[in-house]
Structures are given as structure tokens and as C-alpha cells.
Amino acid sequence: MPSKTKSILLFLTMLLSPAVYAQQANNYVIINKTDSEQDIITKAANVTPAPRQLRWQELEFTAFLHFGMNTFTNREWGDGKEDPKLFNPTHLDAAQWVRTCKEAGIKQVILTAKHHDGFCLWPSKYTEHSVKNSPWKDGKGDVVKEVADACHQQGIGFGIYLSPWDRNNPDYGDTEKYNAYFLNQLTELLSNYGKVDEVWFDGANGEGPNGKKPVYHFNEWYALIRKLQPGAVIAIMGPDVRWVGTETGYGRESEWSVVPANNLDQLTVTANSQHDITFKPQGDMTGNDLGSRDKIKNAKGLVWYPAEADVSIRPGWFYHDEQNDKVKSPEKLMDIYYNSAGKNCVLLLNIPPDKEGLINESDIKALQGWKKLRDDIFKENLLKGATVKCANGINLKAILDDNYNTWFTTRGKDSSSVIALDLKAPKTFDLLLLQENISIGQRVEKFTLEYWNGKDWAKVTEGTTIGYKRLLRFPAITADKVRLRIESSRLNPAISTVGLYKQAGI
């Protein structure tokens with residue numbers, strides 16, 4: 001083992017408390033120069049999510065709430081020169097925002113506490129450009145508190161977006177002064193609003209009044225979050241969750257959560273944080289292939305770094321009256337769901353409140369229609385009651401027991417398998433659902449679904465990765481026997497769920 005790698009491991013072992021080390025260490029691994037290709041595959045198969053990452057993945061889809069000064073200026077990006085008196089939502093009802101999301105099946109929301117214009121939705125002590133100088137509630141309102149309270153009362157997750165770019169702050173452009181300001185605001189948001197489940201940054205970085213761009217001290221930001229809200233995932237410009245690469249809501253055909261982390265020798269472990277990794281993997285995180293064998297074979301390290309796919313329910317991210325008739329239809333939202341949550345991503349759907357401070361009726365109708373489509377499609381797994389057979393399988397019943405925490409696997413070192421399912425009567429289906437138990441790892445590299453046509457086994461559909469969830473649509477098939485062939489897997493597969501469904505009206 002190279003001396004540099006040894007020193008990294010020793011440093012980590014010394015700094016991390018035994019309990020935390022045991023809980024967190026499996027979400028990354030160091031690759032040694034002496035590791036064979038099979039050694040690397042074995043290591044990749046055993047990288048697993050940290051507890052906060054697993055909780056986040058199980059949400060499947062979350063909501064963004066873009067609300068702020070842009071809502072009242074009818075803009076997407078403000079310049080920071082807006083008069084705070086423009087902010088005056090007459091009927092703001094954060095409970096309605098959260099209730100609307102929850103009724104649509106959304107389990108967590110992220111509020112734009114501050115966008116690029118620098119206007120703060122809470123009465124920050126560090127700027128005058130905030131709700132405290134608006135006419136809303138005579139300057140005594142706090143949108144962040146109202147949303148946080150509504151989330152906690154209604155039992156869904158709460159997250160914040162704090163824009164790194166601030167077009168109002170006079171110190172923006174001065175690296176040291178601005179990072180101190182940012183840390184102060186981050187401390188306010190992480191200390192005064194109860195549990196925070198996600199902190200969301202983008203990389204927005206413009207020139208300040210001095211004509212310079214500040215250098216963001218991301219590692220200091222991460223360390224503060226780990227200290228104040230250790231259960232929160234840090235997303236996009238952070239170590240826990242990566243951006244899928246587009247704002248369409250569509251993921252890749254092969255979406256690996258285990259990807260190279262070639263800057264592992266530069267990671268920073270801060271003793272005053274929660275003793276956790278605070279690095280962000282560098283390099284291209286938006287390409288078509290991030291984690292195949294070809295991509296990981298030359299990596300210095302591997303890390304669990306799953307994808308979030310973001311999209312707005314409207315053409316814009318903030319509310320605009322003229323877009324009320326351009327809200328995405330339930331069918332379009334369903335297609336996005338298939339291509340995000342159904343491709344091992346978490347969908348982040350933006351739902352912007354209007355100028356009155358309410359989720360608009362156009363958005364509510366679309367969300368209700370989308371929820372009904374999902375309920376109708378997934379109300380019955382057509383494999384329920386099927387007989388399951390597999391020559392080299394263990395725990396066969398697990399794939400149909402509706403318990404994600406149980407899983408099918410194979411004996412010995414078998415990394416391929418054929419799972420045969422007898423439906424006992426012909427049924428018509430056009431949608432396949434597969435889940436791996438990612439607490440064991442993401443392992444499947446190739447699979448095929450086949451059906452018995454009376455003479456031969458015929459292919460229905462095929463895919464590469466599964467991850468937390470995979471959904472594949474295909475022309476309707478009627479059959480009473482199907483089989484799932486796991487053709488390639490990194491070590492033994494861990495299949496939690498197999499489901500067949502019929503889409504309504506298709």
C-alpha cells in the first residue's frame with residue numbers, strides 16, 4: 001500500500017470515533033495501485049450509502065419551493081437592487097404549501113431561503129435585505145420559520161437552499177469577508193429552525209462590486225453543516241448528493257450511485273464537525289457513464305454519490321401569472337417520474353408559490369392528477385401470489401413480500417441467476433419494477449425480463465443498472481410465466497423487489 005494511502009487511512013482512523021467510523025466508513029473506499037480489476041469490482045460492490053443518504057434515497061421524490069423577491073418582480077434572476085417593500089404576500093399559507101406537497105406523495109420540501117438577489121426570507125441579523133424590512137407582517141414575519149414549522153407539524157422533511165451568489169451583499173467578491181458572511185447566515189438557518197434534512201447549494205458564482213469572483217470555502221460550509229445538522233444531506237455542490245446534469249428531471253439509462261472520487265487524497269476531516277467526510281468528488285459528474293467497470297478501473301477511490309434530478313412543474317422556477325396554462329400535465333409528470341425515480345435518482349420537483357403566498361390551483365390540479373396516476377398504476381403488483389423458483393437462490397419469497405429490508409440473493413459466489421415466476425393465470429402487464437437493497441450495495445450490471453409465449457422464452461425488456469428503483473415500460477404482454485435473468489452483477493445480487501404492473505389507459 002502506498003505511504004500516502006496509509007497516512008490517509010491512519011488519519012481517518014485516528015479522527016473518527018469508533019461508533020461513527022463503523023457507521024459511515026462504507027460509503028467510500030480507497031483503490032490501491034496493486035488492486036486487480038476484480039479487487040476493484042469487489043470494493044465497488046461493497047460501497048454503501050451513509051444513513052442520511054439512504055434516508056434521502058428512500059424519499060424517491062421531493063419538492064423545491066422557489067419563492068422570494070423574484071415572485072414579485074416577475075423575474076427569474078434578480079439583481080439585488082430590489083426594494084424590500086415589494087415583498088408582500090397577502091395570504092401566505094406555508095401549511096397549504098406543505099399540505100399540497102404531502103397530498104401529492106412528496107415527503108420533503110426545500111425552500112429557497114435566499115436566491116441570487118440576496119433577499120432573505122428570514123430576518124437575518126447580517127443584512128437589511130430581508131423580510132424584516134418588508135411590509136409583510138409589518139416586518140415581523142419569517143417565511144423560513146413558517147415552512148419549517150409546517151413541515152415538522154405535518155411530518156415531512158425540511159430543507160433549505162442558500163444561494164452562494166449574493167448580488168446584494170457589498171462584500172461579495174471579497175473571499176474572506178463573504179465566506180464569513182455566508183457562514184453566519186448558514187449558522188442562523190441551521191440553528192433556529194429545528195431539524196434540517198437537506199442543505200442545497202448550486203455553484204452560482206458571479207462578480208462582486210470589486211469585479212472579482214470570491215472563492216467559496218466549501219469545506220468550511222460542509223463542516224458547519226455536519227456540526228449543526230449531522231443528519232442533513234448536502235446536495236449538488238456537496239459530498240452527499242450530485243446533480244444529474246440537466247434540469248429536465250431525466251436520469252441516465254445506467255445510473256450508478258458508486259462513482260470515482262479521484263480527489264480522495266485531498267479530503268478534509270474536521271475534528272470539530274461530526275467527524276465525517278467533507279469532500280466533494282471532483283471531475284465530470286454529468287457524463288452519460290459515471291460508474292461502469294471502464295470508469296472505475298483507474299479510480300483512486302470510489303464513493304457513494306447518488307443523483308438528484310431537478311425540474312420545475314412550470315417553464316420557470318419562480319411563479320409567473322402567464323405560465324398558469326403551461327403547468328406540466330399529470331402524464332408529463334408521470335413520464336418524468338419514470339425517468340428519474342425510475343432510474344435510480346431522487347426527483348426534485350419545483351412547485352413555486354404565487355404572489356399571494358399560495359400554491360396556485362393550476363399546479364394543485366396537476367399534482368392531484370399525477371398522484372392518481374401513480375395510485376392507479378401501482379395499486380396491485382400482478383406478481384402477488386406467484387410461485388417463485390430459482391436454482392441458486394436464497395430467500396426467494398423476499399422479492400414479493402413488500403418489505404424493502406428483505407432481499408433475494410444467490411449461493412456461494414454466484415453473480416448471475418434466473419428467477420422464474422409462475423403467475424398461475426394469464427395477466428397483462430406493461431411495466432417492470434425492480435429494486436436492489438442498496439444497504440448491501442449497488443451491484444446489478446445487466447438484467448433481462450422474459451416471458452413464456454407457449455413455445456419459447458421471449459425477451460420483454462432489458463436494462464443495466466437497478467439501484468434503489470428501476471422502472472421499465474414496454475408494449476403490453478399477456479403471459480402466465482415470466483423470468484428475470486440477472487446476467488451480470490458485482491458479487492452476489494441483492495434484489496429486494498420485483499413487480500409487474502399495467503398502466504392505466506395504455
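# Exercises on a predicted model

The structure holds zero disulfides. The model is a predicted one. Work through the exercises with the structure in view.

## Exercise 1: Cysteines

Explain why Cys101 forms no bond with the closest cysteine sulfur.

Solution.
- Start with the chemistry. A disulfide is a covalent bond between the sulfur atoms of two cysteines.
- Take the cut-off. The two sulfur atoms must lie within 2.5 Å.
- Find the partner. The closest cysteine sulfur to that of Cys101 is in Cys151.
- Compare. The distance is 8.1 Å, too far for a bond.
- Add the surroundings. Cys101 is buried, with a relative accessible area of 0%. Cys120 is also buried, and its relative accessible area is 0%.

## Exercise 2: The chain as a whole

State how many helices and strands the protein chain has, and what share of its residues is buried.

Solution.
- Count the elements. The protein chain has twelve helices and 19 strands.
- Turn to burial. Of the 506 residues in the protein chain, 59% are buried.
- Look at the surface. About 20200 Å² is exposed, and carbon and sulfur atoms supply 50% of it.
- Check the contacts. Among those in the protein chain with a separation of 6 or more, 76% are between residues 24 or more positions apart.

## Exercise 3: An open sheet

Give the strand order of the open sheet of three strands, and explain why β1 and β8 each have one side without a neighbour in it.

Solution.
- Read the order. It is β1-β9-β8, with antiparallel pairing.
- Find the edges. β1 (28-30) and β8 (258-260) stand there. Each has a single partner strand, so one side of each is left without a neighbour in the sheet.
- Note the twist. It averages 20° from one strand to the next.
- Inspect one pair. β8 and β9 (residues 301-304) are joined in the antiparallel sense over three bridges. Val258 has Trp304 in β9 as its bridge partner.

## Exercise 4: Strand β2

Decide whether the residues of strand β2 (residues 61-65) are buried or exposed, and name the partners of Ala63 and Leu65.

Solution.
- Count. Five of the five residues of β2 are buried, so the strand is largely enclosed by the rest of the structure.
- Sort the side chains. Phe61, Ala63 and Leu65 point one way, while Thr62 and Phe64 point the other way.
- Recall the pattern. In a regular strand the side chains alternate between the two faces of the sheet.
- Follow one pairing. β2 runs parallel to β11 (residues 345-350), with four bridges. Ala63 stands opposite Leu349 in β11.
- Follow another. β2 and β3 (residues 108-114) pair in the parallel sense over three bridges. The bridge partner of Leu65 is Leu111 in β3.

## Exercise 5: Nonpolar cores

Which residues touch the most other members of the largest nonpolar core?

Solution.
- Name them. In this core of 78 residues, they are Phe87, Val143, Val147 and Leu186.
- Find the top contributor. α8 gives the most to this core, with seven residues.
- Zoom in on Val143. Beyond its neighbours within four places in sequence, Val143 contacts residues including Phe67, Phe87, Leu92 and Leu111. Trp97 and Trp136 are also among its contacts.
- Look elsewhere. A second, separate core has 30 residues, among them Val444, Leu449, Val482 and Val498.

## Exercise 6: Helix α9

List the buried residues of helix α9 (residues 218-228), and say what covers them.

Solution.
- List. They are Phe218, Trp221, Tyr222, Ala223, Leu224, Ile225 and Arg226.
- Find the cover. It includes helices α4 (51-59) and α8 (175-191). Strands β5 (198-201) and β6 (233-236) are also part of it.

Notes
Residues numbered from 1 in each chain as written. Predicted model: local features only at pLDDT ≥ 70, side-chain atom pairs only at ≥ 80, totals over all residues. Heavy atoms only, no water. Pairing = 2+ DSSP bridges. Helix = DSSP H or I, 4+ residues; strand = E, 2+ residues; numbered from the N terminus. Axes fitted to C-alpha atoms, helices over the stretch in contact; angles between N-to-C directions. Buried < 20%, exposed > 50% of the residue type's maximum accessible area, 1.4 Å probe, protein only. Contact = heavy atoms within 4.5 Å. Core = buried A, V, L, I, M, F, W, Y, C linked by side-chain atoms within 4.5 Å. Areas by Shrake-Rupley, 256 points an atom, 1.4 Å probe, with all protein chains shown as cover.
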